[in-house]
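Biologist: Thanks for sitting down with me. Could you walk me through this structure, one question at a time?

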Amino acid sequence: MTDGDGQLEARLTEQEVFEPPEAFTAGANVSDPDIYEKFEEEWPACWESAADLLEWESTYDQVLDDSNPPFYEWFTDGKLNASANCLDRHLDERGDEVAIEWIGEPVEEANRSFTYAELHREVNEFAAALRELGVGEDDIVTMYMPMIPELPIAMLACARIGAPHSVVFAGFSAEALATRMNAADSEYLITCDGYYRRGDPLDHLDKANEGLAGVEHDTSTVVVDRLSDNGDDFGHELTDDQYDYADLVEDHAGAEVDPVTRDAEDMLFLMYTSGTTGQPKGVKHTTGGYLSWATWTAHAVLDVKPEDTYFCAADIGWITGHSYIVYGPLTLGTTTMMYEGTPDYPDRDRLWSIIDEYDATQLYTAPTAIRAFMKWGSSFPENHDLSSLRLLGTVGEPINPRAWKWYYTHIGNEECPIVDTWWQTETGGMMVTTLPAIKDMKPGAAGPPLPGVDVQIVDALGEEVEAGQAGYLTVQKPWPGMLRTLYRNDERYIQEYWAEYSDTESDDPEDWVYFPEDGAKIDEDGYITVLGRVDDVINVSGHRLGTMEIESAIVGVEGVAEAAVVGGDHDLKGEAVYAYVITEDGYDGDEGLRERIIAGVEEAIGPIARPEQVVFTPDLPKTRSGKIMRRLLENIADGDELGNTSTLRNPEIVEDIQRQVQG
Ligand code: WTA
């Protein structure tokens with residue numbers, strides 16, 4: 001288990017407690033402390049209160065069907081449509097209020113807002129167009145798009161016609177796109193010509209086309225024109241099976257598409273995420289359970305209200321953006337902001353200037369961003385009026401107390417609660433965090449499990465550990481937002497998430513325990529400190545990457561014989577990729593190899609997986625049985641003491657590697 005950088009110990013000894021700021025508590029959505037007890041007593045019926053935040057076409061018969069664990073079903077036989085929940089239900093009362101406030105990266109860009117009525121119109125028009133292209137119910141539509149409004153529009157258009165979406169992060173490579181389209185047999189792609197990064201146009205269609213070349217079946221593609229209105233163009237010509245987004249929408253001007261009636265358990269979307277093997281996992285989320293989870297947690301934890309201007313600075317290409325830019329906030333009828341660019345362009349105050357200008361009421365972002373803000377200094381936020389903010393949130397990785405306090409003081413002015421939210425792609429939404437008006441905050445600890453969420457920290461045998469002991473985080477009861485399976489791979493679903501602590505022969509739900517592959521500690525007050533992944537997944541700037549995926553990209557480079565990839569501590573990114581590489585004979589001292597390895601990783605996965613350091617070595621430290629000692633490689637990357645290495649088959653290699661890493 002990775003215990004990080006020793007920061008954890010410091011974190012636990014200097015434990016401080018902050019009460020919910022009074023300025024916040026008075027008007028909070030959830031403020032009755034009895035909710036914890038009540039939800040425990042009334043479980044699983046307590047989750048009706050989540051379902052009640054949605055509009056159902058016909059109500060469900062049963063809250064939870066647990067007759068076939070771990071294939072749980074929630075709100076069975078309930079009927080609803082996610083797009084109708086995000087749009088149609090708000091038209092009467094909030095049709096002219098802003099649903100999406102979009103801020104483009106170039107500062108001179110004409111920002112775009114969509115009222116609920118406008119968003120509804122465009123979603124309908126695009127839904128009609130998708131139908132005409134042949135998209136039917138249950139066809140999986142892939143989206144490979146940056147943070148432009150057409151991405152949530154496309155997601156909602158698909159939801160409207162009952163076609164699950166699979167969004168691939170725009171920073172992923174062509175190869176990653178092809179892998180995901182092939183795995184889902186997806187015949188439709190929605191993408192764009194390009195987008196802006198630090199003021200420069202970036203060609204995206206080129207990458208999409210390269211990905212499409214690797215897709216095994218016929219496809220139709222819709223291309224959004226993001227650049228040419230600004231006079232930037234890479235001169236792409238659309239092929240016969242590619243359609244211009246604006247043309248399609250125009251051709252269907254005024255079209256109305258009735259939202260397709262979906263069963264609560266029908267798939268709303270797939271999201272591919274990194275796991276222990278090289279093959280990404282297709283996490284399946286459903287319409288009723290997922291949507292009620294995203295909505296209830298946005299309501300209870302982020303305290304989203306219709307009159308808010310709520311800002312989540314994540315990317316919709318990841319689960320955080322799905323749940324907390326698109327589905328949760330829109331179901332609640334609020335104004336959700338979307339920012340295309342990076343926080344330091346044109347200057348390091350960009351987020352603060354956006355919050356100031358739009359009077360944003362919440363900010364939800366990742367610790368890696370907060371550490372960067374802290375490094376840049378408090379003069380950037382100080383030049384702006386941030387007093388509109390009511391609540392701050394973090395997600396994606398542990399936040400160290402120093403960054404927490406900086407956020408609390410310099411961004412929240414000690415008047416905003418901070419919710420440190422632990423969850424994952426698979427959980428659909430938040431699981432462990434404080435309810436902001438009820439619970440004290442302890443910097444560094446995410447908090448207690450949410451009401452109705454049964455988390456235990458256990459040892460290797462599944463027994464609960466004592467307060468203060470490190471153990472494994474487990475979820476002992478199902479919850480509505482949980483993944484239902486891995487796409488077309490029930491067996492892997494059981495193996496990856498349940499087998500560790502469950503009696504897989506049993507059909508008693510009590511015998512089934514969900515294991516998210518995180519290590520954690522719990523204190524006397526039931527506050528959980530998450531210690532990080534215990535599998536071969538590393539967390540770079542809050543993004544999940546499988547070491548196996550990176551290794552297989554590296555061994556695919558000519559001249560590489562073997563590679564081991566681990567995560568090493570990194571001040572800003574949380575973790576960074578360290579690659580230890582054995583070259584093939586004849587490639588010793590090949591100057592270009594390092595660059596080719598980096599390029600190989602970027603090509604296979606994307607720039608986020610770029611190794612921080614590539615270390616060439618004649619051998620890797622191995623146990624006598626031949627297993628690579630990854631833990632040791634991690635310690636070397638972190639510059640930690642190594643302890644006894646004499647049980648290795650090849651202890652002499654260790655110093656050699658150490659010298660290179662430090663050199
Ligand atoms: C980590 C992102 C500590 C954890 C929503 C989890 C966290 C993985 C926190 C999921 C947090 C997420 N504190 N660690 N508040 N939130 N993690 O699927 O290791 O991209 O398993 O979902 O991020 O990453 P994913």
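Modeller: Happy to! Let me begin with a definition: the rings of Phe, Tyr and Trp, with the six-membered ring standing for Trp, form a pair if their centres lie within 6.5 Å. Please keep in mind that this is a predicted model.

Biologist: How many aromatic pairs does a search of the whole structure find?

Modeller: The search covers the whole structure and takes in pairs whose ring centres lie within 6.5 Å. The number of aromatic pairs it finds is 34.

Biologist: Are the rings of F269 and Y327 stacked or edge-to-face?

Modeller: A pair of aromatic rings is described by the distance of the centres and the angle of the planes. For F269 and Y327 the centres are 6.4 Å apart and the planes are at 5°. Planes under 30 degrees apart count as stacked. The pair of F269 and Y327 is therefore stacked.

Biologist: Which parts does that pair tie together, and are F269 and Y327 buried or exposed?

Modeller: F269 belongs to strand β14 (residues 267–273) and Y327 to helix α13, so the pair ties together parts that are 58 residues apart in sequence. As for their surroundings, both F269 and Y327 are buried.

Biologist: And W352 with F373: stacked or edge-to-face?

Modeller: Here the ring centres of W352 and F373 are 4.8 Å apart, with the planes at 65°. Planes over 60 degrees apart count as edge-to-face. The pair of W352 and F373 is therefore edge-to-face.

Biologist: Which helices hold W352 and F373?

Modeller: W352 and F373 are both buried. The two are 21 residues apart, and their pair links distant parts of the chain. W352 is in helix α14 (residues 350–358), and F373 is in helix α15 (residues 367–376).

Biologist: Which residues do ring pairs link into a cluster?

Modeller: In this cluster, ring pairs do the linking. Its members are F71, Y72, W479, Y493, Y497, W498, W512 and Y514.

Biologist: W512 also touches Q476. Where is Q476 found, and which side chain does a polar contact of 2.9 Å join to that of Q476?

Modeller: Q476 sits in the loop between β22 (471–475) and α18 (490–497). Leaving out residues up to four places away in sequence, Q476 touches D454, Q456, V458, W512 and V513. The polar contact of 2.9 Å joins the side chain of Q476 to that of T474.

Biologist: Let's turn to the ligand. Which residues come nearest to the ligand?

Modeller: There are 17 residues around the ligand. By class, this shell has six nonpolar, six polar and five charged residues. Those that come nearest are D420, T421, T425, D518 and R544.

Biologist: How many Å is an oxygen atom of the ligand from an N or O atom in the side chain of T425?

Modeller: Let me give two others along with T425. A polar side-chain atom of R544 lies 2.8 Å from a ligand oxygen, and for an N or O atom in the side chain of Q424 the distance to a ligand oxygen is 3.1 Å. For T425, the distance is 2.5 Å.

Biologist: What share of the ligand's accessible area does the protein cover, and which elements give two or more residues to the shell?

Modeller: On its own, the ligand has 530 Å² of accessible area, and the protein covers 97% of that. The elements giving two or more residues to the shell around the ligand are α13 (319–331), β20 (418–421) and β24 (528–533).

Biologist: Why is α13 largely enclosed by the rest of the structure?

Modeller: A residue counts as buried under 20% relative accessible area. In α13, 13 of the 13 residues are buried, so the helix is largely enclosed by the rest of the structure. Just after α13 comes a residue with a positive phi of about 75°, and that residue is G333.

Biologist: Which elements do the buried residues of α21 pack against?

Modeller: Helix α21 spans residues 630–638, and its buried residues are L632, L633, E634, N635, I636 and A637. They pack against β27 (560–570), β28 (574–583) and α22 (652–662).

Biologist: One more: is L363 buried or exposed?

Modeller: L363 has its place in strand β18 (residues 362–365). Its contacts beyond four places in sequence include F311, W352 and Y407. With a relative accessible area of 0%, L363 is buried.

Notes
Residues numbered from 1 in each chain as written. Predicted model: local features only at pLDDT ≥ 70, side-chain atom pairs only at ≥ 80, totals over all residues. Heavy atoms only, no water. Helix = DSSP H or I, 4+ residues; strand = E, 2+ residues; numbered from the N terminus. Polar contact = N/O pair within 3.5 Å; in protein donor to acceptor, adjacent residues only side chain to side chain. Contact = heavy atoms within 4.5 Å. Near = heavy atom within 4 Å. Areas by Shrake-Rupley, 256 points an atom, 1.4 Å probe, with all protein chains shown as cover. Nonpolar A, V, L, I, M, F, W, Y, C, P; charged D, E, K, R; others polar. Buried < 20%, exposed > 50% of the residue type's maximum accessible area, 1.4 Å probe, protein only.
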